[in-house]
Amino acid sequence: MSFNLTLIAQAVAFALFIWFTVKFVWPPLLRAIEARLKTIADGLAAAEQGRKSLEVSSRQAEQAVQDARGRAAEIVSQAEKRAAQVVEEAKANAKAEGEREKTAAKADIQQEVSRAREKLRDQVAALAVAGAEKILRREVDAKAHAQLLDDIKRQL
């Protein structure tokens with residue numbers, strides 16, 4: 001065989017190999033590479049979208065925390081106002097209760113004074129009758145002189 005024929009046979013075999021590769025091997029490789037590129041691009045797009053979503057979520061979470069803090073401060077403020085209001089109401093109620101107790105005590109004292117005066121009148125009337133009895137040296141009937149004793153009580 002000649003060197004030229006070998007070289008031509010090798011060139012034809014190489015051309016057939018290239019044709020076979022381009023026709024049957026290369027398209028599946030390109031499809032696999034394109035699929036891989038598409039998968040990588042989709043993954044990068046999803047990662048970018050996830051990063052943006054994370055930023056949005058972080059901002060929303062921070063806003064929610066700020067809103068919650070604001071609401072908490074408002075609730076605390078309302079609770080403090082209500083506590084002050086309750087204290088004022090309690091003071092007013094205590095003052096009113098004290099006044100009622102004072103009025104009731106004054107009424108009780110007045111009743112006791114009236115009872116004591118009545119009792120004292122009765123005792124003074126009894127002493128007056130006893131004194132009159134001793135002076136007159138005779139017995140005075142309290143039932144018979146009830147009108148007289150009542151007049152004395154009223155005068156005292």
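User: In this predicted model, is E88 buried, partly exposed or exposed?
Analyst: The relative accessibility of E88 is 48%. A residue is called exposed over 50% and buried under 20%. The value for E88 lies between these cut-offs, so the residue counts as partly exposed.

User: Which class of exposure applies to K91?
Analyst: The side chains of K91 and E88 meet in a salt bridge. The relative accessibility of K91 is 52%. The cut-off for the class is over 50%, and K91 therefore counts as exposed.

User: How far apart are N and O in the salt bridge of E88 and K91?
Analyst: Both residues lie in helix α1, 3 residues apart, which is about one turn of the helix. Side chains of opposite charge can pair when their charged atoms come close. A salt bridge requires the nitrogen to lie within 4 Å of the carboxyl oxygen. The E88 and K91 side chains satisfy this with an N to O distance of 3.9 Å.

User: Which residue forms a salt bridge with R51 at 2.2 Å?
Analyst: R51 is partly exposed, with a relative accessible area of 39%. The partner lies in helix α1 (residues 3-136) as well, 3 residues from R51. Its relative accessibility of 32% makes it partly exposed too. With the closest N and O atoms 2.2 Å apart, the partner of R51 is E48.

User: What is the N to O distance in the salt bridge of E55 and R51?
Analyst: E55 and R51 are 4 residues apart in helix α1, about one turn of the helix. E55 is partly exposed at a relative accessible area of 35%. The side chains of E55 and R51 meet with an N to O distance of 2.5 Å.

User: Which residues are linked with R51 in a network of salt bridges?
Analyst: R51 forms a salt bridge with E48. The side chain of R51 also meets that of E55 in a salt bridge. The residues linked with R51 in the network are thus E48 and E55.

User: How many salt bridges are there by the 4 Å rule?
Analyst: Among them are the pairs E88 and K91, R51 and E48, and E55 and R51. The full count by this rule is 7.

User: What is the geometry of the aromatic pair formed by W19 and F24?
Analyst: A search of the whole structure finds 2 aromatic pairs. In the pair of W19 and F24, the ring centres are 6.1 Å apart and the planes stand at 90 degrees. Planes over 60 degrees apart define the class, so the pair is edge-to-face.

User: How is the pair of F20 and F24 classified?
Analyst: F20 and F24 lie 4 residues apart in helix α1, about one turn of the helix. Their ring centres are 5.2 Å apart, with the planes at 45 degrees. This angle is neither under 30 nor over 60 degrees, so the pair is tilted.

User: Which residues form one aromatic cluster?
Analyst: The members are each partly exposed, with relative accessible areas of 49%, 46% and 42%. F24 pairs with W19 and also with F20. The cluster consists of W19, F20 and F24.

User: What percentage of the residues in the protein chain is buried?
Analyst: The chain has 2 helices and 0 strands. Its accessible surface comes to about 13,500 Å², of which 63% belongs to carbon and sulfur atoms. Of the 156 residues, the buried share is 3%.

Key
Residues are numbered from 1 along each chain as its sequence is written. This is a predicted model: local features need pLDDT of at least 70, side-chain atom pairs count only at pLDDT 80 or more; totals for chains, interfaces and linings use all residues. Side-chain values use heavy atoms; hydrogens and water are left out. Buried means under 20% relative accessible area, exposed over 50%, partly exposed in between (1.4 Å probe, protein chains only). Rings of Phe, Tyr and Trp (its six-membered ring) pair if their centres lie within 6.5 Å; planes under 30 degrees apart count as stacked, over 60 as edge-to-face and the rest as tilted. Accessible areas come from the Shrake-Rupley method with a 1.4 Å probe; for residues, only the protein chains shown count as cover.
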